[in-house]
Amino acid sequence: MIEKTISREFIKRWGNFYGRNITGRILRELGKSDPRILAPNTLYTSKRQLQENLENQGFRFATESPFNSLILDFEPYNIVATTEYLSGLFTIQSLTSLIPSKSLNPSHGSVVADLAASPGIKTCLLAELMKNTGTIYAIEKAKKRIPALKANLARMGIYNTVILNGDARSFPDLNIEVDHILLDAPCTGTGLKLRKNKRLERRVLNDVNRHAQTQREMLEEAWKQLKNHGTIVYSTCSLEPEEGEVQINNFLARHEGQIQVLPIGFKTGIPGNITRWDETLDSQIRNTRRIFPDQGMDGFFIALMEKVRA
Ligand SMILES: C[S@@+](CC[C@H](N)C(=O)[O-])C[C@H]1O[C@@H](n2cnc3c(N)ncnc32)[C@H](O)[C@@H]1O
């Protein structure tokens with residue numbers, strides 16, 4: 001019974017925030033396993049070419065797949081043992097992981113900060129979208145997570161990225177102004193499928209507040225380094241509004257008139273919720289997206305914002 005794995009506190013909160021139907025669906029989906037999702041490395045191959053090469057070796061894929069991905073249906077052996085994987089022709093991740101970088105869509109030659117970077121799945125996609133031009137500062141606080149970031153960037157043939165091991169809240173000390181920021185923030189991860197998230201059993205509400213505080217500080221420091229008319233994507237794989245809609249609502253309130261929340265170019269999920277909490281949130285929150293766990297998807301929140309006035 002999945003309900004036994006997840007703290008009752010969370011189930012009760014989701015019931016209040018999203019209603020009984022959606023909560024039932026969340027509980028069913030969190031317990032399921034996802035298919036493996038491949039994102040072709042468009043610097044070195046195309047989806048069609050990659051699919052053809054892998055199908056020739058016996059791999060099979062779903063007929064439909066969003067975000068230029070390939071959804072694996074059958075693997076004759078572990079796909080990470082293929083030359084295609086080892087030579088960096090694709091990454092493996094959840095479908096939701098593809099949305100933040102594609103929503104930020106950094107221009108070629110731009111300066112980008114990825115403030116919570118490891119293991120670098122989204123950094124790689126940013127670099128692909130930039131065609132390996134410009135500069136990405138990939139910042140990661142945990143020293144033990146740097147090797148995975150280095151390995152992914154090297155395997156994927158990315159050479160426009162500088163890795164910085166440090167706290168993103170100190171990024172303003174470097175005095176670098178950036179055109180785009182990705183803040184895929186550290187969070188409680190309550191939207192992650194349980195197979196990937198053994199920690200959910202041990203999560204308590206204090207974790208939500210602790211993470212919300214860190215996210216708030218990271219957003220504030222990021223804001224200082226963003227150029228006028230620059231854009232920032234804030235995302236978390238959490239179902240908790242303090243790490244999603246409420247976090248962005250408070251950010252907007254602290255920077256009144258300075259931020260425009262832009263619509264996300266994907267129809268996945270539903271508009272951020274502005275009415276079901278005690279307070280009514282800023283109407284701009286409707287442009288954010290709330291994604292519930294589903295096939296190939298983790299529970300997720302994403303906001304794309306432009307600095308319209310410094
Ligand atoms: C959600 S994960 C990022 C996943 C990554 N964006 C990807 O797609 O591969 C959050 C990361 O932020 C790092 N982190 C936590 N606090 C940080 C801070 N203050 N500054 C920089 N990185 C931090 C964590 O160690 C973790 O690796």
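In the predicted model, a polar backbone atom of Ala116 lies 3.0 Å from a nitrogen atom of the ligand. A second contact involves the backbone of Ser118, where an N or O atom is 3.4 Å from an oxygen atom of the ligand. The side chain of Asp184 also takes part, with a polar atom 2.8 Å from a nitrogen atom of the ligand. On its own the ligand has 610 Å² of accessible area, and the protein covers 85% of this area.

The ligand is located in the largest pocket of the protein. Its surroundings consist of 20 residues, and the closest of these are Glu140, Arg145, Asp167, Ala168 and Asp184. Asp184 is thus listed among the closest residues and supplies the side-chain contact with a ligand nitrogen atom described above. By residue class, the shell around the ligand contains 10 nonpolar residues, seven charged residues and three polar residues.

Ser118, whose backbone lies 3.4 Å from a ligand oxygen atom, is also part of an unusual feature of the chain. The peptide bond that leads from Ser118 to Pro119 is cis, and its omega is near 10 degrees. Pro119 belongs to the loop that connects strand E5 (111-114) with helix H7 (121-129). A further backbone feature is found at Asn105, which has a positive phi of about 40 degrees although this residue is not a glycine. Asn105 is placed in the loop between helix H6 (98-104) and strand E5.

Elsewhere in the chain, four strands make up an open sheet. Their order across the sheet is E2-E3-E1-E4, and the pairing is antiparallel. Strand E2 (60-61) and strand E4 (90-93) are the edge strands, each of which pairs on one side only. Strand E2 is joined by two bridges to strand E3 (residues 70-74), and these two strands run antiparallel. Opposite Phe61 stands Leu72, a residue of strand E3.

Technical notes:
Residues are numbered from 1 along each chain as its sequence is written. This is a predicted model: local features need pLDDT of at least 70, side-chain atom pairs count only at pLDDT 80 or more; totals for chains, interfaces and linings use all residues. Side-chain values use heavy atoms; hydrogens and water are left out. A residue is near a molecule or strand if one of its heavy atoms lies within 4 Å of it. A polar contact is a pair of N or O atoms within 3.5 Å; within protein, one must be able to donate a hydrogen and the other to accept it, and residues adjacent in sequence count only if both atoms are side-chain atoms. Accessible areas come from the Shrake-Rupley method with a 1.4 Å probe; for residues, only the protein chains shown count as cover. On a 1 Å grid over the protein atoms alone, a cavity is a set of points where a 1.4 Å probe fits but cannot get out, and a pocket is an open set with protein on both sides within 12 Å along at least five of seven lines; lining residues have an atom within 4 Å of a point. A molecule sits in a cavity or pocket if more than half of its atoms lie within 2 Å of its grid points. Ala, Val, Leu, Ile, Met, Phe, Trp, Tyr, Cys and Pro count as nonpolar, Asp, Glu, Lys and Arg as charged, and the others, Gly among them, as polar. Two strands pair if DSSP finds at least two bridges between them.
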